[in-house]
Amino acid sequence: MVAPPDSDVLWARALYFRHKDGSPALGGVSLGVEEGEILAVVGPRGSGKTTLLRCLAGLTTAQRGEVWFTGVPLHTMGRIARERLRRDRFGWIDPAPSLVPELTVWENAALPLMLRGTGRAAARTAAMEWLDRLDLADRARRRPHELTHAERQRVCIARALAPTPGVLFADEPTAPLHRADRARVLRTLTSAARSHGITVVLATHDAETAALADRTVPLLDGRRVTTVHLPPVPDSEGRPACSLSV
Ligand SMILES: Nc1ncnc2c1ncn2[C@@H]1O[C@H](COP(=O)(O)OP(=O)(O)OP(=O)(O)O)[C@@H](O)[C@H]1O
């Protein structure tokens, strides 16, 4: 087994994954993510972005290949140890909001901290800070069903940031948001990551979102490629910019 480079907080080698029905999802993907880096995995729908993030986060185990986090192999770790690592060091944002309906907004945002053992008052303070940064402070005592879909997604983002995870995995994190909201929330997310030293791995098929990352890894049909063509977005002079390369 070859150990990963010291500079990489997350490192994957030759990941292969095929779904139970035989659909191929990853065909030998290798990548390294440096500490504090914001890395965008880009590609069209079905290119394997979600599967790659799930493998890197230890939510799915690749049939072949290795995943290392700070020099610790995830691919040989037992399920309970992996779940503990995920709870204590990783954050996850899904493309659609998923909250506990019985809890208030602040309780939802504070939940990962409380699961890690943080006291209720300290967890509430941390959750409120992030809810405030995401313009949700006045919704803190509401239940999820009283919020709009976009507000619920912003609660999920606050919930993921509140424990200051080592690595934040964000799968199309702003998919449910309107365009104006999207840019603002992405700026909050990336500036929070930079100021708190959070490494971010985000999946997106949107060139505008990918442009906020330090580096992009284009995927196509479960493999790394040099360039993928993403939906065109106008640059500052109104010209379409429609491909990304590494
Ligand atoms: N549960 C599943 N069972 C079978 N095949 C699946 C399943 N989930 C995804 N796939 C297939 O695996 C491949 C990779 O899917 P994946 O969701 O990782 O791609 P993606 O780039 O994240 O796409 P999207 O942007 O649509 O989420 C696709 O061909 C997809 O159809």
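In this predicted model, the shell around the ligand receives its greatest contribution from helix 1, which supplies three residues. The shell comprises 14 residues, of which His-19, Ser-23, Arg-45, Thr-50 and Thr-51 come nearest to the ligand. Sorted by class, nine residues of this shell are polar, three are charged and two are nonpolar.

Helix 1, which covers residues 49-56, also packs on a sheet, where it touches strand 1 (8-18), strand 2 and strand 4, and its direction makes an angle of about 125° with that of strand 1. Strands of a sheet are held in pairs through backbone hydrogen bonds, and such pairing may be either parallel or antiparallel. The sheet in question is open and consists of four strands in the order 2-1-4-5, with antiparallel pairing. Its edges are formed by strand 2 (24-34) and strand 5 (72-73), each of which pairs on one side only. Strand 5 is joined to strand 4 (residues 64-69) in the antiparallel sense over two bridges, and Val-72 of strand 5 is the bridge partner of Phe-69.

Beyond strand 5, the loop that leads to helix 2 (79-89) contains Met-77. This residue counts as partly exposed because 17 C-beta neighbours lie inside 10 Å of Met-77, whereas 20 or more would be needed for a residue to be called buried. The C-alpha atom of Met-77 is separated by 9.3 Å from that of Gly-58, although the two residues are 19 apart along the chain.

A further part of the model is built around helix 5, which runs over residues 149-161. At 1.5 Å a residue, its 13 residues should span 18 Å, and the end C-alpha atoms are 19 Å apart, so the expected and computed values agree. Helix 5 is mostly covered, with 11 of its 13 residues buried; among them are the charged residues Glu-151, Arg-152, Arg-154 and Arg-159, as well as Val-155, Cys-156, Ile-157 and Leu-161. The elements that cover these buried residues include strand 6 (90-93), helix 3 (105-115), helix 4 (120-133), strand 7 (167-171) and helix 6 (179-196).

Helix 3 has buried residues of its own, namely Val-105, Trp-106, Asn-108, Ala-109, Ala-110, Pro-112 and Leu-113, and these pack against helix 4 and helix 5. In an α-helix there are 3.6 residues a turn, so residues three or four places apart point the same way. After helix 3 comes Gly-117, which has a positive phi, near 105°.

How values were computed. Residues are numbered from 1 along each chain as its sequence is written. This is a predicted model: local features need pLDDT of at least 70, side-chain atom pairs count only at pLDDT 80 or more; totals for chains, interfaces and linings use all residues. The expected span of a helix is 1.5 Å times one less than its number of residues. A residue is buried if 20 or more other C-beta atoms lie within 10 Å of its own, exposed if 12 or fewer, and partly exposed in between; C-beta atoms are placed from the backbone. Two residues are in contact if their C-beta atoms, placed from the backbone, lie within 7 Å. Two strands pair if DSSP finds at least two bridges between them. Axes are lines fitted to C-alpha atoms, for helices over the stretch in contact, and angles run from 0 to 180 degrees between N-to-C directions. A residue is near a molecule or strand if its C-beta atom, placed from the backbone, lies within 6 Å of it.
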